[in-house]
Protein chains: 4
Amino acid sequence: MVEKRRKEILDAATEIFSRYGYYGAKMEDIAKKAGIGKGTIYSYFDSKEALFYEMIKHAIEEYEKGLDKALNIEGALEERLHVLCQFHGKYLSKYIDITQIIVMEREVFSKELVRELIKEKTRLFNRVKNAVKNAISKGELRDDLDPHLASIIIIGSIGKFYGEKICYGREKLNKIDPKGLIDTILRGLK
Amino acid sequence: MVEKRRKEILDAATEIFSRYGYYGAKMEDIAKKAGIGKGTIYSYFDSKEALFYEMIKHAIEEYEKGLDKALNIEGALEERLHVLCQFHGKYLSKYIDITQIIVMEREVFSKELVRELIKEKTRLFNRVKNAVKNAISKGELRDDLDPHLASIIIIGSIGKFYGEKICYGREKLNKIDPKGLIDTILRGLK
Amino acid sequence: MVEKRRKEILDAATEIFSRYGYYGAKMEDIAKKAGIGKGTIYSYFDSKEALFYEMIKHAIEEYEKGLDKALNIEGALEERLHVLCQFHGKYLSKYIDITQIIVMEREVFSKELVRELIKEKTRLFNRVKNAVKNAISKGELRDDLDPHLASIIIIGSIGKFYGEKICYGREKLNKIDPKGLIDTILRGLK
Amino acid sequence: MVEKRRKEILDAATEIFSRYGYYGAKMEDIAKKAGIGKGTIYSYFDSKEALFYEMIKHAIEEYEKGLDKALNIEGALEERLHVLCQFHGKYLSKYIDITQIIVMEREVFSKELVRELIKEKTRLFNRVKNAVKNAISKGELRDDLDPHLASIIIIGSIGKFYGEKICYGREKLNKIDPKGLIDTILRGLK
DNA sequence: GATGAATGAGCGTTCATTCAT
DNA sequence: AATGAATGAACGCTCATTCAT
């Protein structure tokens with residue numbers, strides 16, 4: 001099936017782009033990873049840039065789906081944060097925050113793409129922010145809390161926490177327990 | 001003076017690598033930026049990779065010096081964190097977390113380099129951690145705090161906070177006030 | 001019928017090769033033009049070069065048939081030349097002197113093919129030459145005329161005349177009247 | 001000197017493009033012919049297409065210069081035609097009517113380029129036509145002659161005459177005597 | 001020492017050809 | 001027999017690196 005082959009290429013591209021960056025990734029390696037010939041990629045994607053663009057879109061879509069699920073579950077605040085952490089960790093271990101490439105190599109990509117990705121990142125950020133607002137109104141978080149700052153702390157801390165463990169520590173995902181982190185964020189350092 | 005010329009090349013390299021990433025950066029552009037001929041770079045650095053490596057080392061050295069200064073000042077905890085934030089922001093606006101390139105394009109560089117950089121990052125992390133421990137023992141932070149987690153939250157939040165403002169918002173550095181962020185981290189979300 | 005399919009491919013090839021040249025023509029376009037699948041061509045022809053070769057042969061055969069008809073009609077010299085002109089124009093508008101490709105890209109094709117094509121062109125030339133000789137012996141052309149030079153002038157002039165009108169002027173074939181040309185060739189410039 | 005190198009590349013390009021056509025010509029071969037590295041060409045010309053374009057322009061300029069000289073000499077009509085023939089032959093043996101490639105592969109090149117080349121060809125044609133008009137007004141050619149048709153016959157015949165001898169016969173240029181041809185054109189076939 | 005013209009390995013992309021269906 | 005998805009050799013072009021000046 002055609003859709004399956006497309007997906008295989010996207011998965012291979014995700015891995016290779018993540019590992020080597022846009023320029024470091026070679027079409028030949030992506031093809032090899034996908035177990036196909038170099039030319040075949042071009043039946044499914046117009047160019048390297050197009051493939052990269054589609055991969056980003058695909059990654060964002062997956063993130064959105066997962067984030068929605070993570071934010072919409074029932075349960076206590078701690079529990080919900082726990083799910084969010086686990087989702088983010090799982091996602092990170094696949095994409096290693098691939099959108100970062102764009103920011104790093106930003107001059108390379110069309111202004112269009114960069115703008116769109118920033119918009120997307122903002123949208124995702126706002127979902128977390130809304131969840132924070134929600135928790136404030138439900139009395140789960142203190143009512144003088146700035147939702148924007150709180151979101152930055154949540155996202156920044158989780159990212160650092162998992163980034164470190166996955167990138168440097170190479171720890172297995174299911175061995176990572178974010179309970180302490182969540183607790184510390186909620187209670188504060190003081 | 002030879003050292004001065006070396007420094008000029010490193011500064012040019014920092015800017016170009018930051019903007020375009022490792023592969024996107026061209027030796028010619030770095031030379032032009034430094035106001036010298038392309039071939040001259042090779043009198044000071046063996047190769048593009050070596051130049052990149054030296055640039056990273058140089059960036060880290062600057063960071064270390066600045067971090068030391070920021071962590072060793074006298075004053076209240078909030079004040080010291082404020083200085084840390086400002087330093088990090090200033091640093092970020094110059095290097096846009098350039099070490100990230102290495103993590104993104106990790107397979108490209110020698111294991112040696114990657115290992116050394118991780119070690120370096122760990123060392124920097126530990127300085128913050130020690131400062132946290134110190135603050136705990138002085139009673140400025142609660143004594144059941146996990147210094148590691150606290151450091152992650154501090155570094156992760158500050159990075160996210162400034163990263164967002166500088167990368168996306170393009171805000172002027174001296175207009176950014178981290179007071180709210182520090183307060184929220186310290187008091188917790190709850 | 002197999003022969004019909006073969007003919008369809010040849011016709012499609014003629015059009016595409018004429019328009020784009022040997023290298024510019026793509027097998028896929030030829031197949032599309034012929035209304036068949038790409039692979040099918042290879043059931044009828046061994047390779048692109050073979051297809052090109054066969055197409056040339058086919059074009060030459062058509063030319064020979066037409067030339068015979070044009071040269072063998074009864075009537076006054078002027079009339080016969082008129083028919084020759086019209087035939088050449090009609091042929092040109094289909095093949096745009098496709099054999100020229102061979103001469104242009106001569107090193108590309110096997111010496112065999114080039115030699116054979118030159119031989120073929122010579123044979124066609126000789127038919128015109130014989131017709132000239134015939135006209136001389138019948139007293140229709142002056143008897144001190146060099147048949148070879150006369151043939152060159154006839155073929156060269158007619159080719160230029162129609163080539164210009166068809167290639168650049170894009171004139172309709174039936175609007176082109178070679179009467180003046182024939183008259184000038186016969187009477188001379190002086 | 002830079003101009004010399006540029007000229008060497010143009011000469012190599014002329015030969016390779018003439019021999020293999022636009023698509024058949026490989027940049028590497030042109031470089032090898034010019035005795036330089038592949039990349040060097042790109043210091044002088046932006047792309048293969050640009051090189052081709054420049055080569056055509058260069059060929060036309062040479063043709064124009066030569067044609068002016070040939071048409072402007074003093075002497076009897078026959079003599080002037082003789083010089084024109086020799087010039088055309090010399091030119092042909094270098095360029096083998098390279099502009100023909102454009103016509104053959106016309107869909108490939110920008111409409112701009114094709115239009116410009118046709119305009120150029122028209123201008124060259126008109127110079128011959130003006131020379132014919134001049135000869136008519138001087139009484140060297142009969143006064144009921146159509147200058148356009150006469151030009152076609154002259155150019156077409158000369159092209160065929162030399163084309164045949166050079167392309168097929170591979171005759172040495174200085175062994176070719178156009179006297180008979182000129183005489184036949186002037187006196188007519190009848 | 002400093003330069004930048006020259007080089008050629010390497011990559012993105014195309015397309016003639018093959019072969020499983 | 002007919003197809004068109006898949007292949008990979010080949011080519012245009014880039015850019016890190018060299019070296020004659």
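## A buried arginine between two chains

A polar contact is here a pair of N or O atoms within 3.5 Å, and within protein one of the two must be able to donate a hydrogen and the other to accept it. In this predicted model, the side chain of A:Arg142 reaches the backbone oxygen of B:Gly188 at 2.7 Å, and it also makes a polar contact of 3.1 Å with the side chain of A:Asp144. The arginine therefore has one partner in chain B, B:Gly188, whose backbone oxygen lies 2.7 Å away, and another in its own chain A, the side chain of A:Asp144, and because its relative accessible area is 13%, A:Arg142 counts as buried. As for its place in the fold, A:Arg142 belongs to the loop of chain A that runs between α7 (111–137) and α8 (147–169).

## The surface near DNA strand E

Around DNA strand E there are 28 residues, of which A:Lys38, A:Tyr42, B:Thr40, D:Gly37 and D:Thr40 come nearest. At least two residues of this surface are supplied by each of three helices, namely α3 (38–44) of chain A, α3 (38–44) of chain B and α3 (38–44) of chain D. Sorted by class, the surface near DNA strand E holds ten nonpolar, eight polar and ten charged residues.

On the side of the nucleic acid, 70% of the atoms of DNA strand E within 4 Å of the protein belong to sugar or phosphate, while the rest belong to bases. Phosphate oxygens of DNA strand E have protein partners of two kinds: a polar backbone atom of A:Ala25 is 3.3 Å from one such oxygen, whereas C:Tyr42 places a polar side-chain atom 2.9 Å from a phosphate oxygen and D:Tyr44 places a polar side-chain atom 2.7 Å from a phosphate oxygen.

## The surface near DNA strand F

DNA strand F is likewise surrounded by 28 residues, and the closest are A:Gly37, A:Thr40, C:Thr40, D:Lys38 and D:Tyr42. Of the atoms of DNA strand F that come within 4 Å of the protein, 71% are accounted for by sugar and phosphate. The α3 helices of chain A, chain B and chain D each supply at least two residues of this surface, and the largest share, four residues, comes from α3(A). By class, the residues near DNA strand F divide into ten nonpolar, eight polar and ten charged.

Bases as well as phosphates of DNA strand F are approached by polar side-chain atoms. An N or O atom in the side chain of A:Lys38 is 3.0 Å from a base nitrogen of DNA strand F, and a polar side-chain atom of C:Lys38 lies 3.2 Å from a base nitrogen of the strand. For the backbone of DNA strand F, a phosphate oxygen is 2.8 Å from an N or O atom in the side chain of A:Tyr44.

## Helix α7 of chain C

Helix α7 of chain C, residues 111–137, has 27 residues and spans 38 Å from its first C-alpha to its last, which is close to the 39 Å expected at 1.5 Å a residue. Its buried residues include C:Leu113, C:Val114, C:Leu117, C:Leu124, C:Phe125 and C:Val128, and among them are also C:Glu120 and C:Lys129. Just after α7(C), C:Gly139 takes a positive phi of about 80°.

## Cysteines

A search of the whole structure over all chains finds zero disulfides. B:Cys85 is buried, because its relative accessible area is 1%, and D:Cys85 is buried with a relative accessible area of 1%.

How values were computed. Residues numbered from 1 in each chain as written. Chains lettered and ligands numbered in written order. Heavy atoms only, no water. Near = heavy atom within 4 Å. Nonpolar A, V, L, I, M, F, W, Y, C, P; charged D, E, K, R; others polar. Disulfide = S-S within 2.5 Å. Buried < 20%, exposed > 50% of the residue type's maximum accessible area, 1.4 Å probe, protein only. Expected span 1.5 Å × (residues − 1).
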